[in-house]
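Biologist: Before I rely on the words used for a model like this one, I would like to hear how each of them is earned. Could we go through them one by one?

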Amino acid sequence: MSFFKKMKEKLTGTPEETVTVSGKFKDGLAKTRNQFTSKVNDLVAKYRKVDEDFFEELEEILLQADVGFETVMELMDALRFEVQRKNMKDTAGIQSVISEKLVEIYESGEESSNELNMQVDGLTVILFVGVNGVGKTTTIGKLANRLKSEGKSVLLAAGDTFRAGAIEQLQVWGDRVGVEVIKQSEGSDPAAVMYDAVRAAKSRGVDVLICDTAGRLQNKVNLMNELEKVHRVISREIPNAPHEVLLALDATTGQNALIQAQTFKEATNVTGIVLTKLDGTAKGGIVLAIRNKLHIPVKFVGLGEKMDDLQPFDTEKYVYGLFAEGLEKEESAQKY
């Protein structure tokens, strides 16, 4: 069964899910797809046969989409093997094969879940890290809204006490979503804010505490020492917390996002990636590069400006969003 048919079968009878796939991932990945898929379509039209020239040009297209060198090499090997195994002589159906292999590569050796590590009983603490300007505070607000809509009580901690306006920005989101923000004055000790927030969350019996942090990567040593201190204060109050350390990355920065992820991974126990502004880049392949290079699961992606455009990451929906038109064309061609 083709990848396209599998996706359609998976979504049969679930209209809400269908809207998510076609409306969120498909629209959110439009810029990447317009660049990437149009080139793949041109390539398929140019080469009627699957030969080494075809593979070389496909390799270049994938690299331009920031899929990442290691991932591209792995994909090329897998494609060559599959084409040989299936004895494929022409390019008909090749996009479905590429889609399937990308999903397999992303999910291979998957040790960590894409699901949030929510505590069944007691408080769940989620710590957000990331450099300034990546959309961290906005993402916190959207996640708070998502969790609240699921019936959970949420509290926010304004731990970015150094960036001008950061506390006020988080407060705006708290007011918008309808959740309280624990804060102190600008320039105060972030660890002290976390201490107050954890004590408040415990005393009020809330379900989730989401903590903002500073993001001054240019002062790397101080920033990482600060994150360690915050982590220590939280875990002293609640053993095994924070339960998630989510790294916010701006998808529009491409390979720079990968470098940031490597830096934060060295300094703190990052448990998941939130890739923001995926709808604003033509290089959405960075999702695959991050997962394959760092082995950190992408847990959420930002697919637009709306409150519900922060979506849990799903590999199949993501790949479908990349190849939607091409897969639909292949499926139509096979009918005739």
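Modeller: What follows takes several descriptive terms in turn and sets each against its criterion. Please keep in mind throughout that this is a predicted model.

Biologist: Let us begin with the sheet: in what order do its strands lie, and is it open or closed?

Modeller: The sheet is open, and its eight strands follow the order β3-β2-β4-β1-β5-β6-β7-β8 with mixed pairing. Averaged over neighbouring strands, and with direction ignored, the turn of one against the next is 25°.

Biologist: What makes β3 and β8 edge strands?

Modeller: Each of them, β3 at 180-182 and β8 at 310-312, has a single partner strand, so one side of each is left without a neighbour in the sheet.

Biologist: How do you know that β1 is paired with β4, and with β5?

Modeller: Pairing requires at least two bridges between the strands. Four bridges join β1 to β4 (residues 208-211) in the parallel sense, and β1 and β5 are likewise parallel over four bridges, so both pairs satisfy the criterion. Ile126 takes part on both sides, standing opposite Ile210 in β4 and having Glu244 as its bridge partner in β5.

Biologist: Why is β1 described as mostly covered?

Modeller: Six of its six residues are buried. Thr124, Ile126 and Phe128 point one way from the strand, while Val125, Leu127 and Val129 point the other way, and all are buried.

Biologist: What makes Gly284 and Asp66 count as buried?

Modeller: The cut-off for buried is under 20% relative accessible area. Gly284, in the loop between β6 and α12, has 0% relative accessibility and therefore counts as buried. Asp66, in the loop between α4 and α5, has 8% and therefore counts as buried as well.

Biologist: Which residues does Gly284 touch, beyond those up to four places away in sequence?

Modeller: Gly284 touches Thr32, Ala65, Leu278 and Tyr318. Its C-alpha atom is also 9.2 Å from that of Phe36, although 248 residues separate the two along the chain. Both Thr32 and Phe36 are among the buried residues of α3. Asp66, for its part, is in contact with residues including Gly254, Lys283 and Ala289, and the C-alpha atoms of Asp66 and Gly254 are 6.5 Å apart across 188 residues of chain.

Biologist: How do you know that the length of helix α3 agrees with what is expected?

Modeller: At 1.5 Å a residue, the 17 residues of α3 (30-46) should span 24 Å, and the end C-alpha atoms are 23 Å apart, which agrees. Helix α11, with 13 residues, reaches 19 Å, close to the 18 Å expected.

Biologist: Why are α10 and α11 called oblique to each other?

Modeller: Their axes come within 10 Å and cross at roughly 50°. Angles under 35 degrees count as roughly parallel and those from 65 to 115 as roughly perpendicular, and the crossing falls in neither range, so the two helices are oblique. The crossing is right-handed, and among the residues making the contact are Leu223 and Leu227 of α10 and Thr263 and Phe264 of α11.

Biologist: What covers the buried residues of α11?

Modeller: The cover includes β1, α10, β5 and α12, and the buried residues themselves are Ala257, Leu258, Gln260, Ala261, Thr263 and Phe264.

Technical notes. Residues numbered from 1 in each chain as written. Predicted model: local features only at pLDDT ≥ 70, side-chain atom pairs only at ≥ 80, totals over all residues. Heavy atoms only, no water. Axes fitted to C-alpha atoms, helices over the stretch in contact; angles between N-to-C directions. Expected span 1.5 Å × (residues − 1). Buried < 20%, exposed > 50% of the residue type's maximum accessible area, 1.4 Å probe, protein only. Contact = heavy atoms within 4.5 Å. Left-handed = near helix turned anticlockwise from the far one by under 90°.
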